Amino acid sequence: MKLRLLKLLMLALGIAACGFSVASAQDEIIEAVAEAVSAPDAMPGPPADEDYLALVETHGVTFDFFTISNLWTLIAAGLVFLMHLGFATLESGMAQAKNTVNVLFKNVFIICMGILTYLVWGFNAMYPGFDGSGFFAVGSPVTMADYGGTDFSYGGTGLCMTGWADFIFQAMFAATAATIVSGAVAERIKLSSFMIFSTLLVMFAYPMAGSWKWGAGWLDGMGFYDFAGSSIVHAFGGFAALACVLLLGPRKGKYLDNGKIKPILGHSMPLATIGVFLLFLGWFGFNGGSVLSADPELVSFVFVTTAVAAAAGGLASIFVSWIAIKKPDLTMALNGILAGLVGITAGADSVTLLGSVIIGFIAGIIVVFAILFFDKVKIDDPVGAISVHGICGIWGTLAVAIFQQEGSGFSFVTQLIGTLSYSAFAFIFSIIIFGIIKVTMGVRVSEDEEAEGLDVGEHGQEAYPYFQPDTK
Amino acid sequence: MKLVKAIIKPFKLEEVKEALSEIGIEGMTVTEVKGFGRQKGHTEIYRGSEYTVDFLPKVMVDIAVPSDIAEKTVETIAKAAKTGKIGDGKIFVIPIEEAVRIRTDEKGEGSL
């Protein structure tokens with residue numbers, strides 16, 4: 001009785017939140033920035049400090065806006081870096097205790113590999129300076145040339161930072177795509193095979209696909225829009241994960257012969273929850289930093305859309321899981337928050353405020369049914385990465401056209417072409433490369449090793465050496 | 001000498017221990033165990049899939065006592081561990097052939 005009352009109350013709250021109509025908050029930002037930058041009398045008077053005056057002398061009155069923008073981008077890069085800790089904790093919490101070292105190890109490897117491959121190949125392959133037609137560019141190492149300069153010479157007010165800040169911010173993004181795969185294939189993938197696959201994915205496939213939009217390639221020329229990567233990062237990672245899971249097969253013992261599912265429990269709900277809160281925090285950098293300047297209005301707006309979409313996603317999946325599976329499932333609520341975040345990523349700067357609530361809410365509904373669906377068709381994804389990143393990534397990209405602010409001019413068809421291109425490319429690339437690895441060196445650990453745990457099997461280590469886990 | 005072996009609900013352990021101390025029992029061995037009886041298990045749910053937990057956690061208390069106070073011990077445990085609901089546990093009484101206090105080599109009831 002009590003529970004039913006509570007459910008009703010929450011539903012009413014949700015409806016009230018959806019009905020709230022708020023005027024769109026963001027217009028003419030570019031002009032505002034340009035005004036603030038170009039009008040010297042709008043700047044606060046510099047203190048009488050000789051060093052400061054010398055800096056202004058060298059860099060002009062634009063110095064303050066540039067410095068703040070650059071600093072914001074670097075802080076955002078730090079926040080995106082923190083997301084890797086979020087993935088590491090979420091994935092290990094959702095895995096069994098006997099595979100914890102292996103899950104953490106993959107996350108450690110990915111961030112190290114991701115940054116370095118982006119340095120030597122990815123960054124220049126992703127931002128080659130196409131003119132609206134490009135499909136593929138050859139990468140090259142980042143060099144010391146043209147990356148400094150504390151004026152607007154690197155990217156104007158639209159990309160208001162040094163080249164170094166641009167590089168490190170984008171490098172943090174790159175590794176994310178492979179991290180998404182890591183969760184879905186956890187608990188049975190062979191470590192060496194994963195390392196080879198994820199390196200090829202992050203080094204070659206991700207920058208190539210990214211260049212289609214962010215490197216001013218062919219999708220950019222079509223008018224496709226993906227603000228911070230619902231398609232470019234998340235759907236890409238999600239569909240790469242789907243391909244790998246199909247080739248890999250489910251964890252042993254999950255899908256029984258009689259058609260029933262025997263759930264394999266994650267070993268630490270506290271770790272999983274910490275992970276999602278870290279990802280939520282990091283997402284302020286992921287989306288907020290994608291403004292690519294410290295434009296006060298736009299960065300603030302993006303923070304708001306990001307947070308409300310996450311909140312709506314979390315609430316939606318709480319309701320839906322409670323109704324559909326009869327219990328308020330914590331892991332579903334966590335997935336719902338992430339679904340909302342993935343959903344808002346494509347349009348965090350360009351949808352209406354009400355739109356951002358609805359995008360998150362629908363993402364939270366989609367993700368629960370997607371997870372149940374994939375389980376039904378025996379596609380085993382321990383953390384729900386395919387549903388969260390793949391399915392909700394597509395939803396978020398389409399939602400840009402549905403909930404756009406007046407006059408944005410985004411086309412649904414173009415958004416559809418764009419997001420399907422990313423999903424299909426990631427899927428096909430992964431089927432081919434992971435397929436080749438499967439045939440040549442194998443992708444799965446032995447049955448004995450899977451039963452014994454990958455921690456001892458792959459690493460000869462235990463995550464919790466003085467505890468006896470229940471389900472060894 | 002008798003060995004009183006009580007399998008009880010874990011959260012009842014403190015009460016049982018207190019009650020046994022009050023009647024002068026000075027030692028016991030406690031083990032965390034799992035099992036099922038008439039209570040059977042219960043179902044839990046994880047990400048939409050139900051599963052049954054067959055083995056429920058219990059605590060097993062072993063107490064070696066002189067034969068004359070075995071009955072009193074059993075009564076005390078039963079009283080302290082009772083909730084009246086299914087799953088309260090069981091008590092077994094087993095004869096002990098011999099007992100030795102290792103430190104002093106004492107044998108028999110004096111060693112308890």
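Leaving out neighbours within four places in sequence, Ala240(A) is in contact with Val181(A), Leu201(A), Ala426(A), Phe427(A) and Ser430(A); being in contact means that two C-beta atoms, placed from the backbone, lie within 7 Å. This is a predicted model, in which local features need pLDDT of at least 70 and side-chain atom pairs count only at pLDDT 80 or more, while totals for chains, interfaces and linings use all residues. Residues are numbered from 1 along each chain as its sequence is written, and chains are lettered from A and ligands numbered from 1 in the order in which they are written.

**Two cores**

Ala240(A) is also among the residues with the most contacts inside the largest nonpolar core, which has 141 residues. A nonpolar core is a set of buried Ala, Val, Leu, Ile, Met, Phe, Trp, Tyr and Cys residues joined through C-beta atoms within 7 Å. Buried residues have 20 or more other C-beta atoms within 10 Å of their own, exposed ones 12 or fewer, and partly exposed ones fall in between.

Apart from the largest core lies another, of 12 residues, including Val4(B) and Ile63(B). Val4(B) sits in strand 1 (residues 2-8) of chain B; strands (E, at least two residues) and helices (H or I, at least four) are DSSP runs numbered from the N terminus. Val4(B) is buried because 23 other C-beta atoms lie within 10 Å. Among its contacts beyond four places in sequence are Ile63(B), Val65(B) and Ile91(B).

**Where the chains touch**

Here, 12 residues of chain A are in contact with six residues of chain B. Helix 13 of chain A gives the most to the chain A side, with three residues. The table sorts two sets of residues by class: Ala, Val, Leu, Ile, Met, Phe, Trp, Tyr, Cys and Pro count as nonpolar, Asp, Glu, Lys and Arg as charged, and the others, Gly among them, as polar.

| Set | Nonpolar | Polar | Charged |
|---|---|---|---|
| Side of chain A that touches chain B | seven residues | one residue | four residues |
| Contact of helix 12 with helix 13 of chain A | 10 residues | seven residues | no residues |

**A pair of helices**

How do helix 12 and helix 13 of chain A cross? Their axes come within 7 Å and cross at roughly 130 degrees. Axes are lines fitted to C-alpha atoms, for helices over the stretch in contact, with angles running from 0 to 180 degrees between N-to-C directions. Helix 12 and helix 13 of chain A are therefore oblique to each other: angles under 35 degrees count as roughly parallel, over 145 as roughly antiparallel, 65 to 115 as roughly perpendicular and the rest as oblique.
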